Structures are given as structure tokens and as C-alpha cells.
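Thanks for coming. I will walk through one structure today, starting with a single residue and working towards the rest.

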Amino acid sequence: MGDASDGPVAHSGDQAGPAPAPAGTAVLAAAAPRDGVQEQPRSPYRSMPDGERSALWRRRLHEAEAGLTRYLVTRGDELHLTDWFALQSEIFADLPEPTAPSAAWQRVFFRGQALMERFLVARYGEEVLPAWAASNAEVHRDVEPDHGGGAADPIRRIARQAELYGSDYEFDDDAPPSAEHAALTITHCAIWDYREKARRSGVRITLASPCTYCTEALSANIRAKGHRPAHRLRSGPTGHGCRWEATAPTAPATTTDHPREP
């Protein structure tokens with residue numbers, strides 16, 4: 001998501017191999033009617049149009065690259081500009097047409113995320129990833145529209161990102177997203193699947209787990225929109241997943257962050 005990274009994902013890391021995962025991503029059906037009233041589908045973005053998916057990939061790439069530019073400027077140390085220009089040329093090489101299928105923009109985003117992670121970690125180490133995530137979140141605050149949903153807005157953005165990868169996710173049945181509090185559970189994170197597929201195809205992976213960057217990025221985005229984040233990582237028969245919550249500043253928090261990786 002970060003998606004590694006973006007973001008998931010988006011996200012990178014050589015490793016022994018992924019946790020067992022389903023052969024495909026299940027389509028989560030709408031909740032059954034209760035008392036004759038049709039409830040909100042558990043995965044309401046499953047039918048997101050392809051053009052909207054492409055636009056979200058482009059926005060995520062913009063947030064990451066503009067955030068990295070901002071972060072490098074704020075460091076104040078000398079930067080080898082030829083290296084930076086070379087990185088930018090790689091990130092934006094062979095851009096597809098705006099009307100190209102979203103899979104083409106997904107490829108560009110993942111390539112850019114992997115290149116930026118490698119660029120930062122090689123020069124400054126993994127410890128700077130939270131600062132990069134915070135810088136990206138400043139861009140996110142300006143470019144991600146406010147939809148008037150309060151705490152529900154950043155959680156719905158996470159749901160849309162999860163949908164980009166085909167992750168399995170669901171909102172709580174008993175407490176739908178509201179302006180004061182919203183929660184989302186990703187029951188199977190397909191970022192792990194996508195990273196392994198990319199690694200096998202020759203993409204150099206930097207981080208051992210996508211959660212290393214993704215949890216920092218999503219938490220920073222929620223804070224940038226003025227809400228308190230909380231997350232819990234999970235793993236099990238359905239693979240890796242996580243639960244995310246956003247709480248309005250005036251509402252009581254329900255959980256605390258759990259940054260430990262699976």
C-alpha cells in the first residue's frame with residue numbers, strides 16, 4: 001500500500017519467500033440484507049473503473065516522488081545531482097499514455113517505488129524511511145481531496161489502495177466508517193504477492209517486508225489529514241494482512257499502533 005510501499009505498495013524486499021497465499025483473490029460479496037435493508041458492500045471499491053485505478057496509481061507516484069524531492073531538500077546536505085537526475089529519468093522512463101490500462105501505471109508505480117527505496121536506503125539506511133513517509137504525507141495532504149467524511153476519508157483511501165492490488169479487505173459490519181472513527185481490515189494483502197511476482201521477474205527488491213515502509217506511509221497519511229492512526233499487523237491461513245483505524249482528534253482512541261512486523 002505502501003505499498004510499498006506503496007504502497008504498498010508498492011514495496012520491496014528480497015526474502016526467503018512469501019507466506020502461503022490463496023491462488024487468487026476472492027471477490028467479497030455484499031452483506032446480506034438485514035430487516036429488509038441492503039447494507040453497504042464489504043468491498044465497495046471492487047467495481048472501481050479502470051481509469052480511476054490509473055489515476056490513483058499516478059497520484060501515488062506523484063506523492064512518492066514529490067515527497068522524496070521535498071525530503072532531500074529538507075536534509076540540507078550535499079546531493080550528487082547527477083545521481084538524482086538519473087533516478088528521476090529511471091522513474092519516469094517509458095511512461096504509458098494516460099488512457100493506458102491501469103496495469104501499465106501499476107508497473108510504473110512499482111518500479112518508481114522500488115527505485116526510490118533503493119536510492120534512500122543505499123545512501124541513508126532504512127532509518128530514514130519514516131522521514132520520507134512523513135514528507136510524502138505532506139504532499140498527500142495537499143493532493144488527496146477531502147470528501148467530507150472525516151476519519152472515514154483516509155480509511156477509504158486505504159481501501160482503494162488495497163483494491164488496486166486485489167487485496168481482500170472489509171469494513172466492520174457493526175461500526176461502518178464515520179466522521180469520528182473508521183476501521184478497515186485487510187484479510188489478505190496482495191502487495192506481498194505482487195512483490196514476489198516482481199522479484200521473480202527481475203525487479204531488485206530492497207526491503208525484507210513491505211510493511212516496513214507501508215505502515216509508516218499509511219500512518220503518516222492519516223496524521224496529515226488530522227486524524228489519529230492505529231494499526232495491527234496480522235498473519236494466518238489467508239496470508240499477511242493488517243487492520244487500520246483512524247480516529248478524529250476529539251474522539252477517544254480505540255487501540256494503539258503496533259509497528260511490529262509479521
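**A walk through the model**

Asp-94 counts as exposed, because its relative accessibility is 63%. Bear in mind that this is a predicted model. Asp-94 sits in the loop that runs between helix H2 (81–91) and H3. Its backbone deserves a remark too: the phi of Asp-94 is near 55 degrees, a positive value in a residue other than glycine. For background, most residues other than glycine have a negative phi.

Now the overall picture. The protein has 262 residues, and buried residues make up 51% of them. Its accessible surface is about 11,900 Å², with 54% of that belonging to carbon and sulfur atoms. How many helices and strands are there? The secondary structure comes to 7 helices and 5 strands. Along the sequence, the order is β-α-α-α-α-α-β-β-α-α-β-β.

Next, the strands. I will take E3 as the reference. Strand E3 covers residues 181–188, and 7 of its 8 residues are buried, so it is largely enclosed by the rest of the structure. What does E3 pair with? One partner is strand E2 (residues 168–171), which pairs with E3 in the antiparallel sense over 4 bridges. Within that pairing, Asp-168 stands opposite His-188 in E3. E3 is also joined to E5 by 6 bridges, and these two strands run antiparallel as well. There, Leu-184 has Trp-244 in E5 as its bridge partner.

E5 has a further neighbour. Strand E4 (residues 228–236) and strand E5 (residues 239–247) pair in the antiparallel sense over 9 bridges. A hairpin of 2 residues joins E4 to E5. In this pair, Leu-233 stands opposite Cys-242 in E5. Please remember those two residues, as they come back shortly.

A word on what comes just before E2. Gly-166 is found in the loop between helix H5 (152–165) and E2. Is Gly-166 buried or exposed? Gly-166 is buried, because its relative accessible area is 16%, and the cut-off for buried is under 20%. Gly-166 and Asp-193 are 27 residues apart in sequence, and their C-alpha atoms are 9.9 Å apart in space.

That brings us to helix H6. In H6, the buried residues include Ala-190, Ile-191, Trp-192, Tyr-194, Arg-195, Glu-196 and Ala-198. After H6 comes Gly-202, whose phi is positive, near 110 degrees.

H6 also takes part in the largest pocket. How much space lies in that pocket? About 150 Å³. The residues that line the largest pocket are Arg-107, Phe-110, Arg-111, Tyr-194, Lys-197, Ala-198, Ser-201 and Val-203. Helix H3 (102–124) and helix H6 (190–200) each supply at least two residues of that lining. By class, the lining has 4 nonpolar, 1 polar and 3 charged residues. Tyr-194 and Ala-198 are in this lining, and both are among the buried residues of H6.

Now the second largest cavity. Its volume is about 90 Å³. Which residues lie nearest its centre? The lining has 12 residues, and Cys-189, Cys-211, Cys-214, Leu-233 and Cys-242 are the ones nearest the centre. H6, helix H7 (211–224) and E5 each supply at least two residues of the lining of this cavity. By class, the lining has 10 nonpolar, 2 polar and no charged residues. Leu-233 and Cys-242, which I asked you to remember, stand opposite each other in the E4 and E5 pair.

With several cysteines around one cavity, the natural topic is disulfides. How many disulfides are there? The count comes to 0 disulfides. Cys-214 is in no disulfide, and the nearest cysteine sulfur, that of Cys-189, is 6.5 Å away. Cys-242 is likewise in no disulfide, with the sulfur of Cys-189 as its nearest cysteine sulfur, 6.0 Å away. A disulfide needs the two sulfur atoms within 2.5 Å, so neither pair qualifies. As for their surroundings, Cys-214 counts as buried because its relative accessibility is 9%. Cys-242 is buried too, with a relative accessible area of 9%.

To close, back to the start: Asp-94 is exposed at 63% relative accessibility, whereas Cys-214 is buried at 9%. That is all I have.

Methods: Residues are numbered from 1 along each chain as its sequence is written. This is a predicted model: local features need pLDDT of at least 70, side-chain atom pairs count only at pLDDT 80 or more; totals for chains, interfaces and linings use all residues. Side-chain values use heavy atoms; hydrogens and water are left out. Buried means under 20% relative accessible area, exposed over 50%, partly exposed in between (1.4 Å probe, protein chains only). Accessible areas come from the Shrake-Rupley method with a 1.4 Å probe; for residues, only the protein chains shown count as cover. Two strands pair if DSSP finds at least two bridges between them. On a 1 Å grid over the protein atoms alone, a cavity is a set of points where a 1.4 Å probe fits but cannot get out, and a pocket is an open set with protein on both sides within 12 Å along at least five of seven lines; lining residues have an atom within 4 Å of a point. Grid points are joined across faces, edges and corners, and a volume is the space filled by probe spheres set on the points. Ala, Val, Leu, Ile, Met, Phe, Trp, Tyr, Cys and Pro count as nonpolar, Asp, Glu, Lys and Arg as charged, and the others, Gly among them, as polar.
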